[in-house]
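Visitor: Please take one part of this model and look at it closely. Then follow the chain outward from there, one step at a time.

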Amino acid sequence: MVLSDTIAAIATPPGTGGIGLIRITGPRSEEIAHKLFKARHGAARLQSHRLYHGDIVSSATGTVLDEVLLTIMRKPRSYTGEDTVEISCHGGSLITETILSEILKSGARLAEPGEFTKRAFLNNRIDLSQAEAVLDIIMASTDRARELALSHLKGDLSLRIEGIRTAVRDILAMLEAAIDFPEDETAVSFHPVADKLQTIIEEIQVLLSTYEEGKIYRQGINAVITGKPNVGKSSLLNRLLGEKRAIVTPLPGTTRDFIEETIRIRGVPLKLTDTAGIRTPENMIEKEGLDFVQERLSLADVVILVLDGSSELTKEDLAIMEINKTRKTIPVINKADLPHRISTTEIRDLLPGMDPLRISAKYGEGVPDLKEAIYNLAMGNSGVSAPALFITNIRHKTALEKTAGLLTQASEEIHRNSPPELVSLDIRDALESMGEITGKTTSEEVLDRIFSSFCVGK
Ligand SMILES: Nc1nc2c(ncn2[C@@H]2O[C@H](COP(=O)(O)OP(=O)(O)OP(=O)(O)O)[C@@H](O)[C@H]2O)c(=O)[nH]1
Ligand SMILES: [Mg+2]
């Protein structure tokens, strides 16, 4: 990894705007600034962390390119931990591009996406979970998502992870003492180790249990409406949206493709997908459509399974219930305004543990309850207590699961009186997998993947 070169990028989004921001970081930043920038009041040496008014001048022709504000932030007091220059110019694509190209001609290289943040990480300004939080803040679409990302950026998650790692390292030290001084070793002396391991495993489980809710704050709820043809799926979508978005007709097979729209429940985005009715496919188009529906269902956080309550259940209904039995499903008995032909008890028997709702998509009865039910089901039970810290990132979740697995294995070995050498191997692996979260042990490849999802200039 090269940290010795100087990189530059436009940090504001492409297009026109009030201001365009260009960033330079690395050892030659200040030299480049001196070459291109003429301060209005002829300051001899630009001071760090001050704002200067002046012109950017073409190095070749000496013509003024724009009137700008410039700041130098000398290392280590900058975002990247390296000498950094920021130029605020007028926000037109031509002007930002022109200034950037002058900077590149003067000895900087174009930054890759996320490279500023990557440098902050490599220079130990922030750890990896904090770097990821930077991206989460940029992407946050709800207040809660922003709050969680800010707490991660402040280092709340890193602190907790480091706390757990320290506890695991203590256990390793105890085991290694047993390896080095085997005469002290007795089966009994391992029990405190096993107890400590158990406490740590539980702490990790608590963190893991926040993921479902955390993920939803970060990405919103993905709900898919399914059911056989003509039960009122599109009517329900329209009712939830409060507008006529999908075509509704009395003919089965009206919806062929997906319709996706987003609303908000309690500030959380809820993406609703209306799908084609599920029936035995009659042709290629329907076959393809059905495969798509299955795929969408498998990705759903919540499945809204619509039944036509004005007629008896059919074997198609039963088949659709069967497919969604293991998912987070809300059975919805629609057309409540017509005579009831399906009872809630019947559905409870077929789908144990699920709570059917009776609604009328056409007239709106029961729809507010359905919204609540979607929110509650997506959040799980964790919505009741409010843990301070949430896991929102699948990468962190995977690493924690792996850690918990290895620690459980170690604890089982202790109970089987396995040699401490064996136990300590698992504990070492556990430490390694936890280190991936904060970036202590993360591979180059994973780092590249993380930072490449950033914007250029961040
Ligand atoms: N009485 C009554 N009719 C409803 C209700 N919901 C839907 N319908 C009617 O049922 C018929 C089918 O509605 P759609 O919303 O198109 O049903 P769908 O499930 O999307 O159908 P496909 O797209 O063909 O799978 C239409 O005539 C609707 O007006 C309801 O709550 N009450
Ligand atoms: Mg439809």
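Guide: We begin with H34, which counts as partly exposed because 15 C-beta neighbours lie inside 10 Å of it. The cut-offs make this plain: 20 or more neighbours would make a residue buried, and 12 or fewer would make it exposed. Keep in mind that this is a predicted model. H34 belongs to helix 1, which covers residues 29-36. Its C-alpha lies 8.8 Å from the C-alpha of L46, and the two residues are 12 apart in sequence.

Next come the strands. An open sheet of 7 strands runs in the order 3-4-5-6-2-1-7, and its pairing is mixed. At its edges are strand 3 (37-39) and strand 7 (109-110), each of which pairs on one side only. Inside this order, strand 1 (residues 7-10) and strand 2 (residues 17-25) run antiparallel and are joined by 4 bridges. One residue pair shows the link: I7 has T25 in strand 2 as its bridge partner. In general, strands of a sheet pair through backbone hydrogen bonds, either parallel or antiparallel.

The wider layout helps to place the next part. The protein chain is divided into domain 1 (7-125), domain 2 (131-210 + 391-439) and domain 3 (219-383). Between the C-alpha centres of domain 1 and domain 3 there are 53 Å.

Another open sheet has 6 strands in the order 9-10-8-11-12-13, again with mixed pairing. Strand 9 and strand 13 (357-358) are its edge strands, and each pairs on one side only. Strand 11 and strand 12 run parallel, with 6 bridges joining them. Across this pair, V306 stands opposite V332 of strand 12, and D308 has N334 of strand 12 as its bridge partner.

Strand 12 is worth a closer look. Of its 6 residues, 6 are buried. T329, P331 and I333 point one way, while I330, V332 and N334 point the other way. This fits a general pattern: in a regular strand the side chains alternate between the two faces of the sheet.

The nonpolar packing can be followed from A223. Among the 95 residues of the largest nonpolar core, A223 is one of those that touch the most other members, along with A8, I103, V302 and I304. Leaving out residues up to four places away in sequence, A223 touches L270, K271, L272, A300, D301, V302, I304 and I374.

Helix 9 (residues 233-241) is mostly covered, with 8 of its 9 residues buried. Those buried residues are K233, S234, S235, L236, L237, N238, R239 and L240. What covers them includes strand 8 (221-226), strand 9 (259-265), strand 10 (268-274), strand 11 (302-308) and strand 12 (329-334), as well as helix 13 (367-379). Just after helix 9, G242 takes a positive phi of about 80 degrees.

Helix 9 also leads to ligand 1. It supplies the largest share of the shell around that ligand, 3 residues. There are 23 residues around ligand 1, and G232, S234, T255, G277 and K362 come nearest. Sorted by class, the shell holds 7 nonpolar, 12 polar and 4 charged residues. S234 links these last two steps: it is among the buried residues of helix 9 and among the residues that come nearest to ligand 1.

Terms used:
Residues numbered from 1 in each chain as written. Chains lettered and ligands numbered in written order. Predicted model: local features only at pLDDT ≥ 70, side-chain atom pairs only at ≥ 80, totals over all residues. Contact = placed C-beta atoms within 7 Å. Domains from an automatic or database assignment. Near = placed C-beta within 6 Å. Nonpolar A, V, L, I, M, F, W, Y, C, P; charged D, E, K, R; others polar. Core = buried A, V, L, I, M, F, W, Y, C linked by C-beta atoms within 7 Å. Pairing = 2+ DSSP bridges.
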